Structure formats: structure tokens, C-alpha cells
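The following paragraphs lead through a protein chain, from its overall character to selected strands, helices and loops. Please keep the sequence and the model in view while reading.

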Amino acid sequence: MMLFLFSDKQLNTTARAMETLEARLFDILESNPDPDEIMKLIERGVDCNLSKFDPNTDGFISPIELAAKQHAHRALCYLYEHRNSPTKAQLEKHLVFYINHYNLLQEEKNQLALEYIVSHLLHKDILEFDPEHFLIFINALNNIDGATRRGIDLSGGISYRVVLSVRIFTLVRYIVKMHMDFPLILDGEKLTVAENELLHTLEAYYYLYDVDKIPGPIPENLDIDEINKNQSLPLIQNYRCIANNIIKKIKQLDLNQEYTILTGWDAHAVCISFRSISPDHIYIRVDNPSHENPSGKHNTSAIAGKNYLAIEPKILGRLKKSDLNSNLNYFILLIDSCARELEEKNGISLIYNENNQIVGLDRENIESIPYFDEQAENNCAVKSWEIGFRMRLQENRKEFCESLLSFDRDNAYDLSKRCKDKRQSDPASTLYRLASLAKIDDGKKLSIEHIMQLQNELRRSYERHLQHLSSIWVSGSVEPTTDAYIPLTFEEDGTPIDLASSFANTRVLVLGEVGSGKTTACQHVTYLWACEEIWQNKFKWLFHIKMRNLNSRRYPPMQHTSYSLIDIIEKECFLEHALSGLGKLELNSQLANPSNILWILDGLDERAIPDHLHSIEEELLAKPHLLLTSRPHEFYDFQYDICAHVQSFTDQDIQNYINKYFSIMFRTTANQCWSFIHKSEQLLETARIPACLKVICHLWNNGKVKLNSKVTMGQLYKKMCEYLLCRYLLKFHSLCTSALVGRNIYQEVNAKAFTHLERLAFQATKSHQLTISREEITDVAGSLSSSVLQIGLLVPETQNYSSLLLENSYYFIHRSFQEYLCARYMIDVLESDGSHEQKTEVIHFIGNEKYNRRIQNVFRLFFELERSSSCTNQFWSIVDGEPRDLLGLRHCSRISHWFPKGSSRFSKEDRENIRKRTTEVIRTWISNQDRLPHDTSNAYIFESFADATGRRCWLDGWRQDLFIKDPLKRHYLLHDLWSMENINALKTVYDDISGDLHKLHSLITTGPNTRSLKLLNLKDNLFNLYTTDSQTKIPKLLKKAQEQTRKHESVTTAIEFQALLENYQSFTNLNRQSMALGSIIWSLNVDPSALINVNNDMLLRLLHIIQKDELFFRYFKLPAIHFLRLYATQNDLNEDILCSLIVLCAASSDCIFTALSGRKKLIRIFENDIFTDIEMDECRLIRLLNEFDKARNVYGYSSFFQMKQFD
């Protein structure tokens, strides 16, 4: 047989060192197996399943085998306990290698490459098996007994490793074929099923591989008593680590996924599968294709016309996932059953749980399990695995299942033949059979030509779609990107920054108000990258994704598969260009090198991610190089390095924009427009918002719409809508301009379509959606659907205006227009005598969404539009009514967020209504000397109201604190941050530094630290900065916790959280020292999982720490909703302690707790602008409300709550 051999030059080429975690892992294991270094790699996500080619043996070696050979016990334990599940990334690495070396004219070379990647996965040469084993496998699949071939007995048994190796080879070959035949036969569902089955089979194979590599002698007998007595034995420690790994993976199973352990007893093989049947439960199933070995364990039924039976797999029972850890010894015994051959009696007892070893097992029958044909005499290993295989593929994929089994037969025959040929060949001809490929194997090495082609396609896509900034005000009109764009100014903590150079810090969050130019900036930098004008030496790839597009309409749920990140990139970035199967693989391989990829995620505040896309969102937000945009006040639970705020246009920016808009040909018009804007302070403030300036320029250029020098954003949008509606009437209804002069355009007969737009905007806003389907338009507008689209306020999601009336999904030309139309609809309904149903709908919308910061621009625009006093009174009545913030603190702050400084002009009535609900109650709170100090409210109220209340009340309040001798009675200069010595030092300079309110506030709230002192130009030696003993060794637990806060990760286990509470003082000292050095301190999120099985002692300890330390909530963020659920449902926990914890969490978190009148058993909590309802009995509710009442009094929030005085 001829084998493809690479040239001597290729064989002698030294492989380029792999700069990967895996390469580092092998280096450590080969040189100095330091367990701590290995653990660091594990924590960084090293793939423990990737093997390395060993030129000494012409084979492969895995990290686990290498650790065992090096006698590195601790390192081996770490690898056993933390070995990851096989991943699609691992598979794709091998697939890319195969595709790069595929040659249509060299079948032998292709076959060798296939065997190479399968051998890489198996950690051994696929052709090292006995050729007869593959023939036995074929006979087993065909249910043949007693067969011989030329005198060789083929009726004997074979090992599970042979069975799994053939199945892995089959699935890899099938997946490769699917990709190479694209687009002729690519079936996404079948491909996903094959990939998932391959991952499942690989995990089963790697488990057996792990067990096979356990060093040392295996005892003759092992039971639970022996396990408990010999905990320190290396063998038991290895068993325990593998068992912990299995338990972790079973807990992580998704619904209907299963984990399979292949085991058995003397001369018989069975499978035990742990199948997830709910988020909290699994069942345990025994797959045994023999009804006689053992007898009486499985139900059977006769098969008409057959001399064999059908057998039902045995369900041992249902088990809670939370009980898996209690069954550690059971899993150790299962592992032991795979490490040696059990006697029949012991094997049956263990596998069928005859001695009730499984703790917490519910023997209740789970579901109807299908029956399977019993095995022939000697093929139990093949047939027991086949049962689970058929169950995973399910009855509706029976044909696909049979085709794969048939493929198994063909592959087993081919492998048998190639094994035999290899054995009979001259050893010299096969010496470098795999080594030749290993020399050139580089998972990141791809065809440069293909990669450049992909990059060029991406650039061309961006150039075509972004070379013009679509005029969102006039559908179909465009402006050249480079001509129309005015660079925005960004600041971080008051310091100007350059956005392009900020990516040395990798993750940048850009915050800006409505219309501030965030999306335009994203489009602009994407276009510049496509034109190779920026970041060419930094980013080879740039993926620009609008987060609002990740919705169920654009990506509907799929029944048997899920979306990958490549699917998202293809649809969002490679516009109008479908990637081939090879293209997807090549692009996916590029994602393995994240350092040269920039991800632009535009509009985090616009996302409404459905459940089936949550994994995509998590994957995106974990990328190392990110540019994210959002409106302020959104909740961010991910790490970022820079938070840049978009600054409003300066006077010069406004003038530059106007000059660019009108071009040099119309400089006189530009000058007139700028002069008109510049003369009006109100109009100038409105024009600082880029979106508003664009509307002003368009209306000025049109000349047909008269502008008022005191126009607000709402009034500006009204003018623009009137212009668009007028244009629609002139164009589609043959009216003349003179016919509309002096008339209310909204009263025109053919203007009815505009009211439908208002209704659509309200419905979309109420549903927290930005996209509107054609069906929704038809439901609202009926025969006027086309007219609704022709007005020009809705654009197709594809932005293909030529097919405006043919699209299936639309959105408003700018989110602010949707909000404006929603506000109009609210006013129309509240002022009308129309439908009771519609009025009720609006009332519920205002009541339910008044605390939702994503909706605040709707309420802002509500106040910028004309409305009657009756309408205004109805609105305030709804806002002041239930559901109400039980503390009151956030009620007035959320109202104040509706009115950014300088954005609105109010009537006297509006000013009074707003003042008494915001600044008046805040000033009352500041002047209240009887309230207890509250760290969170100090910061929260200042950030929300400092600009609205004026400087004097804050400066006076802080000054009063300077002269309060009792440190426990100070409201702002908290005793944990300010020593008496430092307070005296502050007195000496207070009047000199009080000019900058915000910088002074930073100093007061953080205590003396290098950063605040530098901002105020104060010398470090004026104050005594907080220090700790530099010789004190910081425990790893605390270092890890600080790193978790920086990464916005959570504490997820009770053990971790309890350890942090036990070391709380050390943790606070570490944070205090970081603050003194000017570092930002993030709170460590405590996940509800860390409070599983919480008891009264732990709750009491937690309460005492919080009550003792005013700064606790700077360091920890507790799950308020989880505590409320415990309070509502648990009868064995102290209700008084829980009540206190709930109120403390509510006062110190961003959650808003409300109670609904008429719902006497319900608490509604707003968290991250989403509400959750929790029911409890009436007595508990009354007790909780009383606790909130006490808190309002002691913290001085009562004036926030008593809104009836405003009636």
C-alpha cells in the first residue's frame, strides 16, 4: 500500500513554538510539574483534552498521561478534577487542519489527514488496533453470532475503547464530509446533531482514558468503608478527583442531555446514563441489551415473528442535582468498576443499586422508555452503547440514526483493512506516517489567500453599507460618511480621552444621552477600518453588531439546534453575502486569536435578548477588545477598562457641523442658520445634541417649516413629523402646499395613518421592543399599512428602501422618534374620551414603567409636548400612586432623571410639580440632622441631584459634619474613612477647595487618597493615608475576590462566601488600602447559589457585619430578590433577621421594592429595569412593610414617601 510521505525538508523543519495555554501546560509537565502553575492554567481555561504528538513514540500523549508518567500526583489530581468537556473549538481546530490539507486529487493524502486528526482526538493512532476487532464490531452491529473468518473467531467481545473509537471516526468523517460538500448537502440540523453526539462520545472516551491512566495497583476489592478509611491513598484521591469532575459535568447538563459511564462486570458490558430531565433533576438509567444477564432486572416484551425479545432500559430513579455531591462515594465505586473487572455479583449489586448506595434517589417511574432489541450473544459493548445513541437521536431521527450505523460498518471495514495493510507494510515506509503531519500541524495556520479573501469581503461589505450615513430623517437620502461626520469628544472622569488610542485598555464602554451620536461614531470608525485608515496594525478583524438586532424576529428559535457566533457575524457583518462551510470554519479559526479582533457592540440599552440567544450575548461580552455603546443608567454586569462619556457639541462643533451640512456652496445659508441658533440659549442647548442639530439643519434647509428660537427636543420632533406628514400628503394624495397652509395637518382625512404610527410606537415601547413586524402594522393599521410605511418614520430592518413595502420587520428611523410618538399617544389617550381599554392600558404603562430608566426619555418628551392641565394631573396621580418605592429614595431620583439639565423648558405648573417631587424633598433630607448616616444614599442622592439642588446645600451639609465631634453622628465624613486628625486637616483647607463640588464630593466619600488629593491639588503629606502592614501576606482567597470584583464576576459557592465573611476585616483592609491608593473599588456580587442551604447562624453573622460596617455595601452586592424569596417561602429561617436584611439590601442596592394596593400578598421588585412579583402571606407582608416604615424614619426618607401632600 502506498502512503503519502512529506518531503525531507518538511520533516526536518522545526515546528514553530505554539504560543498557547496548551503548549505552556506541556512545557510545565515536561520540565517541572508545578501544581500551582498548572492550576493557574486551568483557571485561565486551558484545554486539558488536547494531546501532543510525541516523536519518540510516533504517537500522541495527553496532559493526563504525561502527568502520570512524571509521577506528578498533585498535578494529576488537578487535571483529573478540572478536565474540561470536549468543545466545538477543539473539533474545529482539527477540521481546519484537515480542510487546509485537503486535495481533491490525492485521496490517500486526505485519508491520512483524517486518520491524523482522529488519532489526535483519541490520543493514539487509530490504526494501532487489532484488525479483527473492527470485524467483530461489524458482526455486532449486524447481530451475528458465532462467526469466523478464515479460521479466526469473530464472536468474541471487544472493549469499549474500540466501540467508541469507531464511532468517533465515523462522526468526524461525517462532519468533514458535510463541510467539504457544502453547499450541496449541508444540513444544519444533522450537522449539529452529529457534532453534539461526537462531543458526548469523546467525553465517554476521555473518561475511560482517565481511568486507564490512574497510576499504581488497583485493589482486589473496594467498598465504601475502604474508601472512607483510605482517604489519603493516592488511588482514592485520583478516584475522588475524577468523581468530582463527573458530578460537575452532570450538574451542567442542559435539558435532555446525558452523561454516560461505560462499565459492567465479568465478561459483560452495560452503560449507566445520567440524563437531565429538568433544571434541578436527573434520572439514572441502565442500558443493558441482555435480559438474562442479569435476569429479572428489565421489562421485556415479545416481538411478533421474532425469536428474540425487546428490552426496556432500567430507570433506577430520579435524583436532585443538589444531591450529587452526597453521592461522591457512589461515583468512586463506579469509577473503580471501570478500573478493574468486577465479579458478577458485585457488579450487578452496584450498577442496579441493590444496596441503596445512591443517596436521595427517588424510585418513582420517570417516563415511558422505548424498548430495544436484545443483543446477540457476544456483542454487549456495541449494543449497550447503541441504546443510548438511539435515545439521544430520538425516534424522529431514526433514518439518520440508521445511516450513521451503516456508516459505522463501512468505516470499521476500511479501518480493519488499513490496520492490516499497515502491519504488513515495510516499517520504514510508515515510520513518519503521523510525524510528517505533526511537523506542519498548527491550529492557527490557514490559507493566507482564503483569510485575505474573507477580510476583503468583510471590508467591502462595510464600505458598501457605511460609505454613506443614511439620513434617518429622510428615508432613502444619504450623506457621505467622511464629509458628514463631526468627531465627538469623550471624557473619563472629566479627563478628555482619544477613543482610537484607548484600545490599549481593550474594553471601552461609551455612554451618551439620546441622540448624542454614539451609533454614528460606531459606523464612522467601522468605515474607516474598512478603508484601512485606522487600527491596521492593531486589529485584523472588526465586527460591528447592533445589539437590537439580536431578537427573536431576526433569529427565531430553532427546534434542534442553536445559533453560533459565526451565524451572528455572517448576518450582521457580511451583509448580503453568505459564507461557505469552509469560510465559516476559517472565520471561526480566526476567533481563536482574540487579540487582533475588535468587537463593536452598539446599543446595549436597546437589547432585548431572548433566552435562546443569551449564550451568544455572554460570549460577546466576554471578548477582550470591545467598544460598547449605551445610554446612561443601563445596568452593566461585565468588566470594562474605560467608561467614556460622550460630550455635548461645543459651539465650535455646532458651527463645524452646520458648515459641513450646507457645504461651501451654501455658506450664506449656513451662516444664517448658525446665527439663528447662536442667538437663542434654549435652541443652542438643544443643538448640542447631534441628532437635534441634524433636524434643525434639515428643517432650516427646507425653509418650509418655521423654527422657534425656544424650541425643545420634543417640539423639534413635532416639527419634523409635521414636515414628513406634509411631504407624504403632497406626494401620495396629490395635495398642494397652499391647501395645507394654516390648517391642522393631523386633522386631514388622509393623516389617519399617523395616529397608527403613534399606536405602534406605544405598543413597541410597552413591549420593550424596537422592531415592529409587518403583522403588527397590519393589525393596527389595516388597509392603511402601506400609508404608515410611506410617511417615512419606519424603515426596513434590512435598510433596503427599494423594497420598503415588501419587508417583514421594521424599526423607527431613530429610537427617540419611537419615544416621541409614544409620548404623543399617551397624551392623546389621557385627553380623549375614547376607549376605556386604551386609557387603562396607558395608566398601567405609566405605573409599571415609571421606574424603568429605559423609558425615561418617553416621560421627558411627555413634558416637552403641549397638554392640558387635566392630562398633567392624571399623569402625576398615576406616578404618585401604587406601585410606590417603599423607601422613597429612588422615587424622586427616577423622576429627576426624566429632566436632564438644560434640556427642557417648563410651564410654571410643571416646574412646581417637578420641584416639590425632587429638589424640595432632597433639600429637606440634607437639612435633617436627626437621620442616621447612610453611605449608599449619600452617593446616590448626590449623583442624582447635585446639579438640580445647587451647590450651597451640599457645601453647608459637609461643613456641618466637620464640626460634629461624635463620629457616629456624622452624615458624610464616615468614621471608617475619616479620622479626627484628617478631619482637622480638612478644616484648614475646606474653604479653598470648595469651588469644585464634584471633586470635593469624591474626596469626602472615599477618604483621603492619592487620586482625590491630586485632583484638588492638595499635598499628600497634609493627610494621613490609610496603610496596612506591607509584610502581611494577603490570602489567596482575598486576592481572588478582588480580581472577581474587577471582572464583575460573582461568588457562587457557600464555602467561598462564608470564608469571605470569616475574613471580612482583612478584606475591608485590602479594599481600604486600594482606595487610599486611588483605585476604584467595585462591589463583589454574591450569587444566590452562594446562599443555598443558608441557616440562621449565617444570616445573623451577615446582619451583624452589615450593621457594624457602614461601608459593607461598597464591598458586597447581595441578592435582594433571593432574600425576599427566602422570606416568602421558608419557615425555618428567622423572619426578623430576614426582614432586616431585605430592607438593608433595598436601601443599599439599585432595587426598588414596591407594594401594590389591592394585592395584599404581593411585593413587586424592580431590578435592572425589570420587575419581579413575589407573593407571600399577609402577615409576612405586613411585618415587612413595618420594617420599611422604620427604615424610612431612621434614614430620613419619610418626606420622600409622603406624596399625598402634592395633591
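Of the 1207 residues of the protein chain, 55% count as buried, where buried means under 20% relative accessible area, exposed means over 50%, and partly exposed lies in between (1.4 Å probe, protein chains only). The model is predicted, so that local features need pLDDT of at least 70 and side-chain atom pairs count only at pLDDT 80 or more, while totals for chains, interfaces and linings use all residues. Residues are numbered from 1 along each chain as its sequence is written, and side-chain values use heavy atoms, with hydrogens and water left out.

The protein chain contains 54 helices and 30 strands; helices (H or I, at least four residues) and strands (E, at least two) are DSSP runs, numbered from the N terminus. About 53100 Å² of the protein chain is exposed, and carbon and sulfur atoms supply 48% of this area. Accessible areas come from the Shrake-Rupley method with a 1.4 Å probe, and for residues only the protein chains shown count as cover. Among contacts in the protein chain with a separation of 6 or more, 73% involve residues 24 or more positions apart; contact means heavy atoms within 4.5 Å.

Strand β5 offers a starting point for the sheets. It spans residues 258–265, and eight of its eight residues are buried. In a regular strand the side chains alternate between the two faces of the sheet. In β5, Glu258, Thr260, Leu262 and Gly264 lie on one side and Tyr259, Ile261, Thr263 and Trp265 on the other, and both faces are covered. Its partner is β6 (residues 268–276), with which β5 pairs in the antiparallel sense over eight bridges; two strands pair if DSSP finds at least two bridges between them. Within this pairing, threonine 260 has serine 273 of β6 as its bridge partner. The two strands form a hairpin with two residues between them, and alanine 267 in the turn has a positive phi of about 65 degrees.

Two open sheets can be followed further along the chain. In one, three strands take the order β21-β23-β22 with antiparallel pairing. Its edge strands, β21 (771–773) and β22 (794–796), each pair on one side only. The twist averages 40 degrees from one strand to the next. Three bridges link β22 to β23 (residues 809–812) in the antiparallel sense, and proline 796 stands opposite tyrosine 810 in β23.

The other open sheet has three strands in the order β25-β26-β27, and here the pairing is parallel. β25 (1050–1051) and β27 (1116–1117) are the edge strands, each pairing on one side only. β25 runs parallel to β26 (residues 1084–1086) and is joined to it by two bridges; serine 1050 stands opposite asparagine 1085 in β26.

How do the helices α7 and α9 cross? The axes of α7 (residues 107–122) and α9 (residues 160–180) come within 10 Å and cross at roughly 130 degrees. Axes are lines fitted to C-alpha atoms, for helices over the stretch in contact, and angles run from 0 to 180 degrees between N-to-C directions. α7 and α9 are therefore oblique to each other, since angles under 35 degrees count as roughly parallel, over 145 as roughly antiparallel, 65 to 115 as roughly perpendicular and the rest as oblique. The residues of α7 that meet α9 include Leu114, Val118 and Leu121, and those of α9 include Ile168, Phe169 and Val172.

A second helix pair consists of α25 (residues 651–662) and α28 (residues 690–702), which pack at an angle of about 45 degrees with their axes 11 Å apart. This pair is therefore also oblique. Among the residues in contact are Ile654, Tyr657 and Phe662 in α25, and Leu693, Cys697 and Trp700 in α28.

Several loops carry notable backbone geometry. The peptide bond from asparagine 293 to proline 294 is cis, with omega near 5 degrees, and proline 294 is found in the loop between β7 (281–287) and β8 (300–302). Another cis peptide bond runs from glutamate 882 to proline 883, with omega near -5 degrees; proline 883 is found in the loop between α37 (869–880) and β24 (884–885).

Histidine 768, in the loop between α31 (752–766) and β21, has a positive phi of about 60 degrees although it is not a glycine. Histidine 768 is partly exposed, with a relative accessible area of 39%.
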